[in-house]
Amino acid sequence: MKKRLFTLTTTAMVMLGALLSTGCSSYYFPQMGRMPLHTQQGELVAEVGIPQIAVSGAAVVDQRRIASNIFYQASCSYAVTDHLAVQLSSRNIMDPRHQVMVGWYNPLSEHATFEVYGGYAYQKCSYVNDAMIDVEGYSDHRLQGNAQTVFVQGDIGFPSYKPAWSNRIEFTAGAGLRAGGVLMNYHRYDYERVYDGTSSSVVMTGEGDYSTKMFELQLMVQLGVGGPRWKMEIGACYSLMLGPGWPTTYPFSTNLSVTYRIPLLNK
């Protein structure tokens, strides 16, 4: 019964990741804000996983780049004191992103905890749409640059909850809200297919440096199942971007991961 429950839960997590996928090209990929949900000093929370794009196989950008890329998401969070914690995380979907968070946490009860972090993230960004350049009359543009984010993140949830009907299975759940500013810097290249009667060629019609400021509001959910220390977890978020309509952004971000937590709060 317990093994069957674990299998069904894992399958549901993978299906959820696939459901949230969407096939749109994007310049900026938001990162799912990892919720450490610390409970005590000396606690270490380590996570290794893959973004949802690798789970579902969604074609978000050019398929040739997907085939040659490495997908990963990893984070490590440590409770320095009874209320202070730090976290480092790194992720790669199509372009790498690295992030640091420092903040305050406070247990609310035997099972629940609340935390607030401030953070900074740096992400290399690119937009490639060269598959469409073969369409007659199509004008193409490509971007290369970066995005820098300064944010505040608040989380609430329980890091490990043992139901009364089981001595081995434990659950984790959390919800969070992240808000911050995003500065996107990019170099834009414009291309056009030109015809000379019998043949055609792609020529660059212009280029330039641009900068865009946007406000990002991110809603996050984190669920997991497993044992006292090891759990399989899925995180999902939706990012609302407020600001100029370009560059394009990818609203959904999810990841499937294995999490290790030590030590646990004595119960």
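A salt bridge here is a side-chain nitrogen of Lys or Arg within 4 Å of a carboxyl oxygen of Asp or Glu, and by that criterion the structure, which is a predicted model, holds 5 salt bridges. The tour begins with these charged pairs and then moves to the strands, the nonpolar cores and the aromatic rings.

**Stop 1: Arg-34 and Glu-233**

Select Arg-34 together with Glu-233, and display the salt bridge between them, in which the closest N and O atoms are 2.9 Å apart. Arg-34 belongs to the loop between α1 (2-19) and β1 (44-51), while Glu-233 belongs to strand β9 (residues 230-242), so this pair ties together parts of the chain that are 199 residues apart in sequence. Are the two partners buried or exposed? Arg-34 has a relative accessible area of 7% and is therefore buried, and Glu-233, with a relative accessible area of 3%, is buried because the cut-off for that class is under 20%.

**Stop 2: Arg-261 and Glu-43**

Next select Arg-261 and Glu-43, whose side chains meet in a salt bridge with an N to O distance of 3.5 Å. This pair also links distant parts of the chain, since Arg-261 is in strand β10 (residues 252-262) and Glu-43 is in the loop between α1 and β1, 218 residues apart. Both Arg-261 and Glu-43 are buried.

**Stop 3: the network around Glu-170**

Move to Glu-170, which forms a salt bridge with Lys-162, the closest N and O atoms being 3.9 Å apart. Salt bridges that share partners join Lys-162, Glu-170 and Lys-231 into one network, and it is worth colouring these residues by accessibility: Glu-170 is buried, with a relative accessible area of 5%, whereas Lys-162 is partly exposed at 39%, and Lys-231 counts as buried at 6%. Keep Lys-231 selected for a moment, because its place is in strand β9 and its side chain also reaches the backbone oxygen of Gly-227 at 2.8 Å.**Stop 4: β1 and its neighbours**

Show the backbone of β1 with the strands on either hand of the pairing list. β1 and strand β2 (residues 72-79) pair in the antiparallel sense over 6 bridges, and within that pairing the bridge partner of Leu-44 in β2 is Tyr-78. β1 is also joined to β10 by 8 bridges, and these two strands run antiparallel. Which residue of β10 stands opposite Glu-47? The residue to select is Thr-259.

With Glu-47 still displayed, add Asn-255, which has its place in strand β10. The side chain of Asn-255 makes a polar contact with the side chain of Glu-47 at 2.8 Å, and Asn-255 counts as buried, at 4% relative accessibility.

**Stop 5: the nonpolar cores**

In soluble globular proteins, nonpolar side chains tend to be buried together. To see the largest nonpolar core of this model, which has 11 residues, select Tyr-27, Tyr-28, Cys-125, Tyr-127, Leu-143, Ala-147, Val-182, Met-184, Tyr-186, Met-214 and Met-241. Colouring by secondary structure brings out the elements that give two or more residues to this core, namely β5, β6 (139-161) and β7 (170-195). Of these, β7 gives the most, with 3 residues. A second, separate core has 6 residues, among them Ala-79, Met-101, Tyr-117 and Phe-151.

Phe-151 merits a closer view with one further residue added: Arg-178 lies over the face of the Phe-151 ring, at 3.7 Å from the ring centre.

**Stop 6: Trp-104 and Phe-114**

The last stop concerns aromatic pairs, of which the model has 5 when ring centres within 6.5 Å are taken as the limit. Select Trp-104 and Phe-114, whose ring centres are 6.3 Å apart and whose planes stand at 70°, so the pair is edge-to-face. The angle settles this class because planes over 60 degrees apart count as edge-to-face. The pair links distant parts of the chain, with Trp-104 in strand β4 (residues 96-107) and Phe-114 in strand β5 (residues 113-127), 10 residues apart. As for accessibility, Trp-104 counts as partly exposed at 41%, and Phe-114 is partly exposed as well, with a relative accessible area of 29%.

Conventions:
Residues numbered from 1 in each chain as written. Predicted model: local features only at pLDDT ≥ 70, side-chain atom pairs only at ≥ 80, totals over all residues. Heavy atoms only, no water. Phe/Tyr/Trp six-rings, centres within 6.5 Å; stacked < 30°, edge-to-face > 60°. Helix = DSSP H or I, 4+ residues; strand = E, 2+ residues; numbered from the N terminus. Buried < 20%, exposed > 50% of the residue type's maximum accessible area, 1.4 Å probe, protein only. Lys NZ or Arg CZ within 6 Å of the ring centre and 35° of its normal. Pairing = 2+ DSSP bridges. Core = buried A, V, L, I, M, F, W, Y, C linked by side-chain atoms within 4.5 Å. Polar contact = N/O pair within 3.5 Å; in protein donor to acceptor, adjacent residues only side chain to side chain.
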